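Hi everyone, thanks for letting me go today. Could you pull the structure up on the screen so we can look at it together?

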Amino acid sequence: MPTPAGIWRPTEIRYFIESWDTGTEVALVATDAGNGYIKALGNRGGEHCLACEWVGTNLARWFGLPTFDFTLIEVTDVDEIPFKSGAAAQPGPAFITRAESGEPWSGKAVQLGKVVNPRDVSRLIVFDTWVLNCDRYAPNKRRKPNYNNVFLSAEAPEGRLVLKAMDHTHVFTCGRDITPRVADIDHVKDEDCYGCFPEFRKLIQLEAFREALDDLASLDRLVVEEVVRSIPAEWGVSEKARQALVKLIEERARYLSSNRTGIMGMHLLQQGLDLPESGEGS
């Protein structure tokens, strides 16, 4: 980590296929390792959204959540990747994920009955709360639910689906630039629970929830530093902002994992559930 070698390693973009009108103006391209979805410099969401995507997806993989295969790829002067807005991708490092069969979740609970990894629903809620992900299911109806950020992969046994977390461009900052203020105490101790779609609630498993919090408690600062250090310089995240981001990620993990009957516990109690005391079963 970041992104382990041998998973998917495209080295060049061969041609443009299609683009969409999204916040980061994602485009589908053909590479020497198959098709992939690319988020590149010059998109209207800005380069810090790319940094959040990179860090967030690496952390999701460390946390044991299924993600797309992903890596960085260089957009060159000869690559022609038009955005839906009419602008074009700029040369430099871009975030790319391997295209796979499946579709974004529609928001219907019946689809969730087909997933092979229902335990990951609990883990995904813990993850989104940890990274303050406002762009899947934000607390207190601050934003509309974004079902498109939950992918149901068909790369599973016939008739079944794999639930995967996708699109982490709005973690930590909710789409704003990463600054030294990202580690302010009100972010570290944000008391809201993120990612808990109403349709998810019946799938929450307390044992899986506890295991996710145990894993969060095991986070090593060196892991976080390595991921943040790997953000390409071209994406414009300052050294002070990087240090603050490391602090936020580490301190928020410690805060949530040691406060099980607090913020996240109270949220689940409202759903008729309960959580073990801090440290129980660790």
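I'll talk about confidence, then one tryptophan, then the cysteines.

So, this is a predicted model. The mean pLDDT of the chain is 90, and 90% of its residues get to 70 or more. Watch out for residues 275-282, though, where pLDDT stays under 50.

Okay, find W105. It sits in the loop between strand 6 (102-104) and helix 2 (109-112). Is W105 buried or exposed? It's buried, because its relative accessibility is 1%, and the cut-off for buried is under 20%. Beyond its neighbours within four places in sequence, W105 is in contact with several residues, including Y147, F197 and F200. The C-alpha atoms of W105 and F151 are 5.6 Å apart, although 46 residues separate the two along the chain. And the W105 side chain reaches the backbone oxygen of K108 at 3.0 Å.

Now the cysteines. How many disulfides does the structure hold? Just one, and it joins C134 to C174, with the sulfurs 2.0 Å apart. C134 is in the loop between helix 3 (119-130) and strand 7 (150-153), while C174 is in the loop between strand 8 (162-165) and helix 4 (185-188), so the pair links distant parts of the chain, 40 residues apart. The torsion about that S-S bond is about 100°, which means the disulfide is right-handed. C134 is buried at 5% relative accessibility, whereas C174 is partly exposed at 24%.

What about C193? Its sulfur is 5.5 Å from the closest cysteine sulfur, in C196, and that's too far for a bond. C193 also counts as buried, at 10% relative accessibility.

Methods
Residues numbered from 1 in each chain as written. Predicted model: local features only at pLDDT ≥ 70, side-chain atom pairs only at ≥ 80, totals over all residues. Heavy atoms only, no water. pLDDT = per-residue confidence, 0-100. Contact = heavy atoms within 4.5 Å. Helix = DSSP H or I, 4+ residues; strand = E, 2+ residues; numbered from the N terminus. Buried < 20%, exposed > 50% of the residue type's maximum accessible area, 1.4 Å probe, protein only. Polar contact = N/O pair within 3.5 Å; in protein donor to acceptor, adjacent residues only side chain to side chain. Disulfide = S-S within 2.5 Å.
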